[in-house]
Amino acid sequence: MIDGEVLQRVLGVALGNGADFAEVFAEDRSSSSASLDGGQVEEVTSGRERGAGIRVVTGETTGFAHTADLSEAGLVAAARAAASAARGAGEGRTVVLGPAGEHRAPDRVVRPTSVGKQAKVDLLRRADEAARAAGGDIAQVSVGYGDSHRHILVANSDGLLAGDEQVRTRFRVSCVASGDTGMQTGNESVGLTMGMELFDLRSPEATAEEAARRALVKLLARPAPSGTTPVVIGPGSGGVLFHEACGHGLEADLVGKGASVFKGRRGELVASPLVTLVDDGTVDTEWGTAAIDDEGRPGQRNVLIEDGVLTDYMWDFLRARQEGRGSSGNGRRQSYKHLPMVRMTNTYLTAGTDDPDEIVAQTPHGVYVAKLGGGQVNTATGDFVFGMTEAYLIEDGVITEPLREGNLIGNGPEVLRTIDAVGVDFAMGGPGTCGKDGQGVPVGLGQPTLRVPALTVGGTAA
């Protein structure tokens, strides 16, 4: 994307005011999307964005500039702007880049850029037909497709030179069912770090049928009860709770700001001994997987909580350097127009030893959550509210009636401490986009079946 000698000269300019560190992050991203609503194709778009962001660090000050001009002149101008913003005094130095780091080239990927728009629209129509065939109560269907093909290149004044090619494909279906209980919605999405072969693993029809099933089940659901009760969360779909209510509190930037309930607690028992929480950027083709992060560091498997003990936080390059340690591969950014910050990749609770069926059978009454939806979290305290997208009553140790219109309300660290059963049935959930300080990045989530003995359910039942 950019010649190595050009990068060396640009980094030399960036260091010209005596900066401590300089970095060039270049990106070339192609993307496309298509959507269908009410049987009509609403939108088919494609685009390409390329450019570079240059970061210069002097002491505690960071200067940043970005440009869509990848010529040497354009990069030098951005480097001077970033250096000026960072300021500093002293001589610059010559940067010698090392050999380009290896990256995981997706040789077997069917790149979305090689597939025409009509083929992508056909996927939408297949899903629409499958959802409507699920039952006459399906009143509305919305389908969305999206892909991105991203080349990145990172070079810095430490001599690092690394690149990667990242292909992601995503498909979602939303259904509305109409019945005696009004309009009920059901959603399902699938997304992996791969190309069009995604649809060999999960057909558009299968995704649509799952969305329709959820909507139809809600037509038979009764309002969720209110109060404190045991809650069993099914495999995969509850990972968002641990991402939002616990994961963000383990990001080193929030810890450094004192905005985390986990600050200063490494080595302490912060969770049930049944809990091991991991952030792992190397999980096969999961949505948050990448060979390198957006600072050029290899993706890693980082154990954050092991057998209930807080072992480490997640780190980007600068905060790790301040602590005299290595990055954990969690420096990520939305695009070349953004500075990197500490972000999760694929965050999950590892499997336990309990039989999932026994966990339910040994719960005389409570709520079984098959899928959690979005919510709100205070990262400083861990307090959260999450919607239950699909949930059921547990009566006499058996999953019975479906529920609707309910939330889970609690505190993330408290949930971690009180989990009393963890199943063997680990599964990753659907693809997510994590928002933080105005930047969105793809993340994966997962967990096995687990039980929280007392959690507040906010329902609407009289």
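P235 counts as partly exposed because its relative accessibility is 31%, where partly exposed is the class between buried, under 20% relative accessible area, and exposed, over 50%, judged with a 1.4 Å probe on protein chains only. The structure described here is a predicted model, in which local features need pLDDT of at least 70 and side-chain atom pairs count only at pLDDT 80 or more, while totals for chains, interfaces and linings use all residues. Residues are numbered from 1 along each chain as its sequence is written, and side-chain values use heavy atoms, with hydrogens and water left out.

## P235 and helix α6

P235 sits in the loop that links β8 and α6; helices (H or I, at least four residues) and strands (E, at least two) are DSSP runs numbered from the N terminus. Once neighbours within four places in sequence are set aside, P235 is in contact, meaning heavy atoms within 4.5 Å, with Y368, D425, A427, Q447, P448 and T449. By contrast with these contacts, the C-alpha atoms of P235 and R297 are separated by 31 Å, the two residues being 62 residues apart along the chain.

The helix after this loop, α6, is largely enclosed by the rest of the structure, because eight of its nine residues are buried. The buried residues of α6 are G239, V240, L241, F242, H243, A245, C246 and G247.

## Strand pairing around β23

Two strands are taken to pair if DSSP finds at least two bridges between them. On that basis β23, residues 450–458, pairs with β8 in the antiparallel sense over six bridges, and T229 has L455 of β23 as its bridge partner. Strand β18 (residues 407–411) runs antiparallel to β23 and is joined to β23 by three bridges, with I409 standing opposite T456. Strand β18 is also joined to β16, again antiparallel, through five bridges, and here F386 is partnered by L408. The short run β19 (residues 421–422) is linked to β23 by two bridges in the antiparallel sense, A421 being the partner of R451.

## Nonpolar cores

In soluble globular proteins, nonpolar side chains tend to be buried together. A nonpolar core is here a set of buried Ala, Val, Leu, Ile, Met, Phe, Trp, Tyr and Cys residues joined through side-chain atoms within 4.5 Å. The largest such core has 45 residues, and those with the most contacts inside this core are L241, F242, L250, M388, L408 and I419. The elements that each supply at least two residues of this core are β8, α6, α7 (252–256), β10 (301–306), β15, β16, α10 (412–418) and β23. A second, separate core comprises 27 residues, including V6, V10, A65 and L97.

L250, one of the residues with the most contacts inside the largest core, touches V255, F262, L277, L304, I305, L310, D312, Y313 and M314, when residues up to four places away in sequence are not counted.

## Pockets and the cavity

Rolling a probe the size of a water molecule over the atoms shows where empty space is left. On a 1 Å grid over the protein atoms alone, a cavity is a set of points where a 1.4 Å probe fits but cannot get out, whereas a pocket is an open set with protein on both sides within 12 Å along at least five of seven lines, and lining residues have an atom within 4 Å of a point. Grid points are joined across faces, edges and corners, and a volume is the space filled by probe spheres set on the points. In the classes below, Ala, Val, Leu, Ile, Met, Phe, Trp, Tyr, Cys and Pro count as nonpolar, Asp, Glu, Lys and Arg as charged, and the others, Gly among them, as polar.

| Space | Volume | Classes of lining residues |
|---|---|---|
| Largest pocket | about 740 Å³ | seven nonpolar, 17 polar, eleven charged |
| Second largest pocket | about 510 Å³ | eight nonpolar, 14 polar, five charged |
| Largest cavity | about 30 Å³ | five nonpolar, four polar, one charged |

The lining of the largest pocket has 35 residues, of which R29, S148, R168, W287 and P442 lie nearest its centre, and β4 gives the most to this lining, with six residues. The second largest pocket is lined by 27 residues, with V240, L372, P431, G432 and L445 nearest its centre; its largest share, five residues, comes from β15, and α6 is among the elements supplying at least two.

The structure holds one cavity of 30 Å³ or more. Among the residues lining the largest cavity are E244, A245, C246, F262 and P413, and α6 gives the most to the lining of this cavity, with three residues.
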